[in-house]
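Colleague: I should like to go through this structure with you. May I put some questions, one at a time?

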Amino acid sequence: MATATPLITAEDLAGISILADAPKGALKAAAKAVEWFSLPGGRPLFNPGDDADSIFFLRSGVLGVFSTAEDGTQDFVGHIRAGEPVGEMAFLSAAPHTAAVFAMRDSELIRLPRAAFDKLIKRHPTLMRALAQMMVTRMRLNRRERYGSASEPKVFALLATSPTINCLHVANMLAEALGKLGRSSVIVGPEAEDSSSEWFDQLERSHDVVLLYSPVADTHWFRLCLRQADRLWILARPDAHPSEPLLPPDRSPARMFRLVDVLLLHNKGARAVSDGCDWKRAANAERVFHWQQGSKEDVARIARTAAGRSIGLVLSGGGARSYAHIGAIRALGDAGIAIDFVGGTSMGAIIAAGLALGWDNEMMERNIRDAFVHSNPLNDYTLPVVALTRGRKVNRRLERFFGQTQIENLDIPFFCISSNLSTGCATIHRDGLLREALRASIALPGVLPPAVIDGAVHVDGAVINNFPVDVMAHLHRGITVGIDVAREKGLNAQDFINPPGFFGWVLANGLQEAPPIASLLMRTATLPHGNSKHARDAVDVLVLPDVTEVELRDWKAYDTAVEAGYLSMVNALKDGAKARLSHG
């Protein structure tokens with residue numbers, strides 16, 4: 001931190017929104033006690049566990065808030081922009097900081113130490129009242145409401161990896177699509193390389209989205225784009241190989257915190273020599289978007305992502321009840337609502353993967369009927385050692401329908417969840433072989449053998465996170481639609497009163513019908529967890545199909561479940577969700 005400076009005035013403090021209504025006397029006294037310092041991009045302001053001995057106000061620049069995930073990694077929460085207080089929750093509650101805050105670009109802050117603050121509020125208690133009211137208000141809000149639209153990424157750097165990529169043309173198409181969404185934008189090129197930070201701050205204040213563009217090169221403008229951008233969008237072509245290294249060495253915050261996406265531009269007729277996996281790895285990117293030449297839908301999806309208007313769809317697990325997801329997806333399509341991100345758990349992951357692959361309604365029905373309805377994939381029974389079934393039929397069907405497809409090459413950004421028994425945590429599958437991730441996500445304990453990936457044992461994602469709304473919240477900044485089919489009813493109590501032995505069951509029912517233990521294990525795995533209510537509360541549009549009469553392993557109940565899903569989504573859209581999900 002820089003040393004204190006006498007340049008802060010009461011007028012400077014009055015320009016901070018939370019202090020705007022404070023008495024002039026309080027501001028004059030505060031101006032004498034505060035410190036004004038610079039924080040270079042990438043540097044931490046504080047980390048979790050640090051003492052909250054000061055309250056900060058951001059004067060210029062941008063900060064980023066990060067929470068700590070289960071695996072110890074840092075999840076990006078949102079941006080803090082000029083004029084906002086920083087660290088006030090921990091400061092006023094006299095508790096250590098629970099999140100990390102880093103400078104996302106060179107920033108200037110005002111620091112008010114606790115000793116000075118205590119003296120100040122004794123003389124001017126109205127200041128404390130204003131801060132306390134703000135804290136109480138923020139505590140009542142969810143993350144998106146607490147940080148507001150200012151926390152969303154606003155500045156995107158379009159970085160061309162080849163001289164054959166016309167950055168300005170790409171930026172113009174995105175700006176046009178943003179305009180159709182009612183979002184103002186500005187395109188900025190190398191002509192602005194000598195502009196001041198105050199000039200860039202003004203651009204952000206006066207536009208919804210700022211699009212910087214530059215070729216990847218060792219130039220002052222390129223490095224300035226890296227430092228100024230909230231997110232880096234790497235423009236690449238699959239008819240070229242990524243260079244190694246793809247980007248020159250740099251300590252820009254966007255790269256440090258992996259706020260990087262690949263926009264893979266597919267030209268018709270061009271021979272592909274690389275794919276999303278290659279470019280995601282080379283760029284160390286978080287997401288891959290595929291932009292087919294001439295596709296208005298792809299341009300619109302990327303524009304919605306930039307505007308914070310993207311729609312994410314989360315599908316829960318639930319055995320045969322998950323057919324309801326298919327009906328709900330049909331209803332969304334009939335309403336003209338496109339999905340931009342999709343993810344799910346267990347059987348919900350299977351349907352989400354079909355959507356991400358680009359299956360239309362007819363293909364979705366044909367493939368799901370073929371895989372699950374016409375014949376049961378879970379009837380290759382064996383005397384159990386690790387599971388009731390061998391899992392070979394499931395493996396063959398996953399290979400048939402998903403082949404060698406990699407998650408990074410799906411039309412729609414996708415994830416699925418499995419439960420890692422080696423770590424005790426959920427694993428989020430966002431890259432790699434799709435069918436391998438799906439096999440892990442549906443490995444119902446005791447019914448299917450576990451999946452072993454990189455030496456770790458994975459079972460059905462429903463065991464830990466059957467409704468992964470929290471994962472979707474970190475994948476995009478728009479509206480999340482959640483469809484949860486994990487309801488209460490589903491077991492026949494008579495099956496568990498004086499049950500016969502294994503061979504007695506086989507003699508009475510044959511080998512084509514699963515014994516009651518299959519239902520018992522499925523129901524156990526899909527029981528609501530402690531986080532289930534939180535997940536339902538966190539979703540923006542919640543859809544709960546009435547599938548209580550469909551048993552978890554009743555794979556023939558396709559039509560009943562699909563109809564229930566369709567009707568539930570239609571009713572949800574009638575309740576006003578359609579207006580929220582409208583693309584403008």
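The questions below concern cores, helix packing and backbone geometry.

Modeller: This is a predicted model, in which local features need pLDDT of at least 70 and side-chain atom pairs count only at pLDDT 80 or more, while totals for chains, interfaces and linings use all residues. Residues are numbered from 1 along each chain as its sequence is written, and side-chain values use heavy atoms, with hydrogens and water left out.

Colleague: Which helix gives the largest share of the largest nonpolar core?

Modeller: A nonpolar core is a set of buried Ala, Val, Leu, Ile, Met, Phe, Trp, Tyr and Cys residues joined through side-chain atoms within 4.5 Å. Buried means under 20% relative accessible area, exposed over 50%, and partly exposed in between, with a 1.4 Å probe and protein chains only. The largest core has 64 residues, and Leu313, Tyr323, Phe414 and Leu438 have the most contacts inside it. Its largest share, nine residues, comes from helix 22 (residues 558-581), where helices (H or I, at least four residues) and strands (E, at least two) are DSSP runs numbered from the N terminus.

Colleague: How many residues does the second core have?

Modeller: This core is separate from the largest one. Among its members are Phe76, Val188, Ala192 and Val288, and its size is 38 residues.

Colleague: How are helix 7 and helix 12 oriented to each other?

Modeller: Axes are lines fitted to C-alpha atoms, for helices over the stretch in contact, and angles run from 0 to 180 degrees between N-to-C directions. Helix 7 (residues 167-180) and helix 12 (residues 296-307) pack at about 70 degrees, with their axes 9 Å apart. Angles under 35 degrees count as roughly parallel, over 145 as roughly antiparallel, 65 to 115 as roughly perpendicular and the rest as oblique. Helix 7 is therefore, relative to helix 12, roughly perpendicular.

Colleague: Which classes of residue make the contact of helix 7 with helix 12?

Modeller: Contact means heavy atoms within 4.5 Å. Helix 7 supplies Met173, Leu174, Ala177 and Leu178, and helix 12 supplies Val299, Ile302, Ala303, Ala306 and Ala307. Ala, Val, Leu, Ile, Met, Phe, Trp, Tyr, Cys and Pro count as nonpolar, Asp, Glu, Lys and Arg as charged, and the others, Gly among them, as polar. The contact thus has no polar residues, no charged residues and nine nonpolar.

Colleague: How many charged residues are in the contact of helix 16 with helix 17?

Modeller: The axes of helix 16 (residues 392-402) and helix 17 (residues 434-441) come within 9 Å and cross at roughly 145 degrees. Helix 16 contributes Val394, Asn395, Leu398, Glu399 and Phe402, whereas helix 17 contributes Leu434, Arg435, Leu438 and Arg439. By class there are five nonpolar residues, one polar and, as asked, three charged.

Colleague: How many residues of helix 14 are buried?

Modeller: Helix 14 (residues 347-357) is largely enclosed by the rest of the structure. Its buried residues include Met347, Ile350, Ile351 and Leu355. Of its eleven residues, the number buried is ten.

Colleague: Which peptide bond is cis, with omega near 0 degrees?

Modeller: Most residues other than glycine have a negative phi, and most peptide bonds are trans. Proline 245 lies in the loop between strand 12 (231-236) and helix 10 (253-256). The cis bond runs from glutamate 244 to proline 245.

Colleague: Is alanine 94 buried or exposed?

Modeller: Alanine 94 is in the loop between helix 3 (88-93) and strand 7 (100-103). Its phi is positive, near 55 degrees. With a relative accessible area of 63%, alanine 94 is exposed.
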